[in-house]
Amino acid sequence: MSRQVAVIGGGAAGMMAAIQAAGAGAAVSLYEKNDRVGKKILSTGNGRCNFSNEAMGAEYYHGSGTALANGILSMFGVAQTKAFFSSLGMRIRARDGYLYPASDQASTVLDLLRYELDRKRVTVHTGEAVQALSFDQNRKKFFVKCQGKNACYDAVILCCGGQAAPHTGSDGNGFRLAGKFGHRIVRTAPALAAMCCKESFYKQVAGVRCDAALTLRIEGQNACVERGELQLTDYGLSGIPAFQLCRTAAYALLDNKSVTVRVSFLPDFDEASCAAFFRERLSLHGEDEMDLFLTGIVNNKINRLLLKLSGIRGTERAKDVPQNAFRRLQELYLCLETTVTGTNGFDRAQVCAGGVDCSEVTKHLMSKKQPGLYFAGEILDIDGLCGGYNLQWAWSSGSVAGWAAAGKPSLESS
């Protein structure tokens with residue numbers, strides 16, 4: 001007789017877990033509180049769904065489960081993910097190692113997963129939030145309470161997500177269900193979100209995108225550095241490099257530590273090369289007014305902001321600018337320090353850091369506290385960088401948990 005498996009949460013990890021468990025011979029029911037599965041997938045990769053990355057490994061993940069992640073990725077990694085989606089009919093396009101559906105539509109990924117749920121005869125319950133999860137006297141059977149009724153299962157996979165983007169269904173309910181079985185929930189924080197800054201000048205540069213290097217400093221000490229396309233908003237720093245630093249900043253702020261970011265708008269320059277660059281520019285364009293003199297270095301809005309912060313008038317001729325003011329301008333191009341007061345909240349974060357302590361699950365993602373209970377996806381204390389890493393974790397952890405819950409933990413992807 002087929003094992004009866006319940007998957008709670010119909011996001012990326014939940015759908016993959018359900019498909020793999022059904023493919024391994026289990027009778028699977030998938031519970032999703034929204035009116036349809038996979039709602040969050042549609043917003044990934046700006047609607048294009050960066051579903052994985054050819055550069056993969058534990059070093060791209062944070063949390064208590066980086067070693068666990070390495071093992072899971074070895075069981076179902078990028079190659080298996082590409083093979084899985086190709087088998088469903090999806091053409092794949094790589095851009096600098098970032099993997100997308102060739103259609104450039106996130107809906108392609110979602111539609112194919114939904115069709116596969118149908119083909120694998122997964123019973124999908126949408127618009128049905130799980131109210132409680134319990135077990136029988138022998139702790140061998142689970143009862144899933146939904147709409148006031150209990151259904152019995154041999155195994156349950158919790159794929160409820162964390163707290164990021166709660167409008168898509170990830171409202172932290174999975175942590176409550178896991179807590180009922182004695183699991184410790186590692187403190188959560190928004191990850192892959194923009195950072196809010198103290199200074200008032202951001203309105204002058206809102207909307208600007210530029211190549212920049214960001215150095216995160218905690219209590220006056222360098223913590224980490226990221227480079228990429230920075231997006232300046234009316235409240236602070238956004239874009240991929242800011243997102244990558246957000247997690248570390250958020251936890252430091254929770255601990256009431258001081259957090260600053262040093263922004264270099266000339267990331268290919270050091271002090272010596274920057275000084276030489278401006279000396280040469282002065283020799284060629286010293287007669288120009290500063291507004292014109294700076295044109296072409298970076299975005300004009302940034303040029304004008306740094307002029308203002310240096311106390312230099314735009315109408316002043318370059319050769320007439322006092323040396324100390326000119327040095328200050330050069331320093332600002334290399335290091336504009338800004339104070340971080342917070343991050344965007346879970347409602348505007350792509351990922352939730354924290355979650356179920358990974359030391360409390362086995363290498364096949366089964367609870368060490370309750371046999372038959374499994375976890376997959378963002379509910380665990382594992383979160384990845386931008387670049388397809390969080391969706392890869394969903395596919396990998398969903399597959400491993402799905403096989404194990406079906407009673408075939410060593411099954412390879414079909």
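**Exercise 1. State how many bridges join β14 to β15, and place the two strands in their sheet.**

Step 1. Strand β14 (residues 209-218) and strand β15 (residues 221-232) run antiparallel and are joined by 10 bridges. Strands here are DSSP runs (E, at least two residues), helices are runs of H or I with at least four residues, and both are numbered from the N terminus. Two strands pair if DSSP finds at least two bridges between them. The model is predicted: local features need pLDDT of at least 70, side-chain atom pairs count only at pLDDT 80 or more, and totals for chains, interfaces and linings use all residues. Residues are numbered from 1 along each chain as its sequence is written, and side-chain values use heavy atoms, with hydrogens and water left out.

Step 2. Within this pair, leucine 216 lies opposite cysteine 224 of β15.

Step 3. The pairing is antiparallel throughout the order β13-β16-β15-β14-β17-β18, a closed barrel of six strands. From one strand to the next the twist averages 45°.

Step 4. Helix α10 lies across β17 (259-264) and β18 (336-343), at about 105° to β17. Such angles run from 0 to 180 degrees between N-to-C directions, with axes as lines fitted to C-alpha atoms, for helices over the stretch in contact. Contact means heavy atoms within 4.5 Å.

**Exercise 2. Give the strand order of the open sheet and explain why one side of β7 and of β20 has no neighbour in the sheet.**

Step 1. The open sheet has five strands in the order β7-β2-β1-β11-β20, paired in parallel.

Step 2. β7 (123-126) and β20 (373-375) are at the edges with a single partner strand each, so one side of each is left without a neighbour in the sheet. The twist here averages 20° from one strand to the next.

Step 3. β20 pairs with strand β11 (residues 155-158) over three bridges, in the parallel sense. Valine 156 stands opposite leucine 373 in β20.

Step 4. Helix α1 (residues 12-23) packs on this sheet and touches β1 (4-8), β2 (27-32) and β11, with its direction at about 170° to that of β2.

**Exercise 3. Describe how α1 and α11 cross.**

Step 1. The axes of α1 and helix α11 (residues 389-405) come within 7 Å and cross at roughly 35°.

Step 2. The crossing is right-handed, the near helix being turned clockwise from the far one by less than a right angle.

Step 3. From α1, Ala12, Ala13, Met16, Ala17, Gln20 and Ala21 meet residues of α11 that include Leu391, Trp395 and Trp403. By class the contact has nine nonpolar, four polar and no charged residues. In this scheme Ala, Val, Leu, Ile, Met, Phe, Trp, Tyr, Cys and Pro are nonpolar, Asp, Glu, Lys and Arg charged, and the others, Gly among them, polar.

**Exercise 4. Find the volume of the largest cavity and the classes of its lining residues.**

Step 1. One cavity of 30 Å³ or more is found in the whole structure. A cavity is a set of points, on a 1 Å grid over the protein atoms alone, where a 1.4 Å probe fits but cannot get out; lining residues have an atom within 4 Å of a point.

Step 2. The volume of the largest cavity is about 50 Å³, meaning the space filled by probe spheres set on points joined across faces, edges and corners.

Step 3. Its lining has 10 nonpolar, no polar and no charged residues, among them Phe201, Tyr202, Val263 and Leu336.

Note on methods
On a 1 Å grid over the protein atoms alone, a cavity is a set of points where a 1.4 Å probe fits but cannot get out, and a pocket is an open set with protein on both sides within 12 Å along at least five of seven lines; lining residues have an atom within 4 Å of a point.
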